[in-house]
Amino acid sequence: MKEYQFSRPPDGNRSQGWALLSVCWAFVAAALVTTVLRVWVRVKLTRNLGWDDHHMIIAMVSLQRAGLITAEVIAGGLGRHSYYLQPSQRRLFAALGWSDWIQTFITLMFTKISIALFLLRIVDGRKVRMAMHALIGCLVLFTAVFVCLFLGVCRPLKAYWNTGMEATCFSDQVFENIVIAQGGMSRWEKVLLYGLEG
């Protein structure tokens with residue numbers, strides 16, 4: 001991974017970590033409450049907990065992990081200008097950030113699979129059901145491809161967060177293209193899900 005040089009910021013060594021942490025945990029708490037309520041309704045009231053609920057629970061556990069990663073990185077200095085961070089802090093951010101990208105891809109996959117499985121419970125029609133199954137297969141395939149690409153971002157992998165190591169790594173442009181491609185696939189999958197829902 002490339003080492004970047006940062007100039008001294010005009011506002012000094014201030015941290016916005018508290019704001020990042022507040023927003024992060026507000027969203028995580030909202031997601032947790034709605035997931036718990038969903039599962040409670042399915043278990044206690046309707047008594048029909050399904051595969052869609054199991055996938056949403058897995059996504060929720062993955063999201064909790066993301067919240068913990070964010071809290072750990074903020075405790076290590078995220079929210080401060082990079083100029084004031086030690087090289088060890090930058091390495092920690094790169095390593096945890098790499099892990100968080102993979103976790104994000106997996107969380108999105110389980111969330112979308114949950115939605116697709118929910119729609120399979122309520123939508124009739126052979127063509128729609130076949131399309132949903134195809135979408136689920138594509139979600140798994142594309143997520144596996146993106147995770148494998150992230151596992152191969154550098155050879156050896158620890159060179160991604162340890163600057164100065166002799167390694168072969170993706171360029172910044174390739175790395176950015178992977179993230180953009182994943183975002184594009186994510187949007188396409190959402191459009192397909194919403195289109196099949198109607």
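# Helix Packing, Salt Bridges and a Disulfide

Q: In this predicted model, what is included in the cover over the buried residues of α1?

A: Helix α1 runs over residues 17-45, and its buried residues are Gly17, Cys24, Val28, Thr35, Val39 and Arg42. The cover over these residues includes two other helices, namely α2 (51-75) and α3.

Q: How many Å does helix α1 reach from its first C-alpha to its last?

A: Helix α1 has 29 residues, for which 42 Å is expected at 1.5 Å a residue. The span in the model is close to that expectation, at 41 Å.

Q: Which residue just after α1 takes a positive phi?

A: Helix α1 comprises residues 17-45. Just after this helix, a positive phi of about 50 degrees is found at Arg47.

Q: Is Cys24 of α1 buried or exposed?

A: A residue counts as buried when its relative accessible area is under 20%. Cys24 has a relative accessibility of 16%, and therefore it counts as buried.

Q: Which residue of helix α2 forms a salt bridge with Arg38?

A: Arg38 lies in helix α1, and its partner stands 14 residues apart from it in helix α2. Arg38 is partly exposed at 23% relative accessibility, whereas the partner is buried at 1%. With 3.2 Å from N to O, the side chain that meets Arg38 is that of Asp52.

Q: What is the distance between the closest N and O atoms in the salt bridge of Arg42 with Asp52?

A: Arg42 in helix α1 and Asp52 in helix α2 are 10 residues apart, and their pairing links distant parts of the chain. Both residues are buried. A salt bridge requires a nitrogen within 4 Å of a carboxyl oxygen, and here the closest N and O atoms are separated by 3.3 Å.

Q: Which residues are linked in a network of salt bridges?

A: The whole structure contains 6 salt bridges. Another of them joins Asp53 to Arg42 at 2.6 Å, N to O; Asp53 lies in helix α2 and Arg42 in helix α1, so this pair ties together parts 11 residues apart in sequence. The network consists of Arg38, Arg42, Asp52, Asp53 and Arg121.

Q: Which helix gives the most to the largest nonpolar core?

A: This core has 15 residues, and those with the most contacts inside it are Trp98, Phe150, Val153, Tyr160 and Trp161. At least two residues each come from α3 (87-122), α4 (126-151) and α5 (172-197). With 5 residues, the greatest contribution is that of α3.

Q: Beyond its neighbours within four places in sequence, which residues are in contact with Trp98?

A: Trp98 is one of the residues with the most contacts inside the largest core. Once its neighbours within four places in sequence are set aside, its contacts are Phe150, Leu151, Val153, Leu157, Tyr160 and Trp161.

Q: Which residue forms a disulfide with Cys154?

A: The structure holds 1 disulfide. Cys154 lies in strand β1 and its partner in strand β2, so the pair ties together parts that are 15 residues apart in sequence. Cys154 is buried at 3% relative accessible area, while the partner is partly exposed at 30%. The sulfur atoms are 2.0 Å apart, and the partner is Cys169.

Q: Which cysteine has the sulfur closest to that of Cys138?

A: Cys138 is partly exposed, with a relative accessible area of 25%. A disulfide requires two sulfur atoms within 2.5 Å. The closest cysteine sulfur to that of Cys138 is 16 Å away, too far for a bond, and belongs to Cys148.

Conventions
Residues are numbered from 1 along each chain as its sequence is written. This is a predicted model: local features need pLDDT of at least 70, side-chain atom pairs count only at pLDDT 80 or more; totals for chains, interfaces and linings use all residues. Side-chain values use heavy atoms; hydrogens and water are left out. Helices (H or I, at least four residues) and strands (E, at least two) are DSSP runs, numbered from the N terminus. Buried means under 20% relative accessible area, exposed over 50%, partly exposed in between (1.4 Å probe, protein chains only). A nonpolar core is a set of buried Ala, Val, Leu, Ile, Met, Phe, Trp, Tyr and Cys residues joined through side-chain atoms within 4.5 Å. Contact means heavy atoms within 4.5 Å. The expected span of a helix is 1.5 Å times one less than its number of residues.
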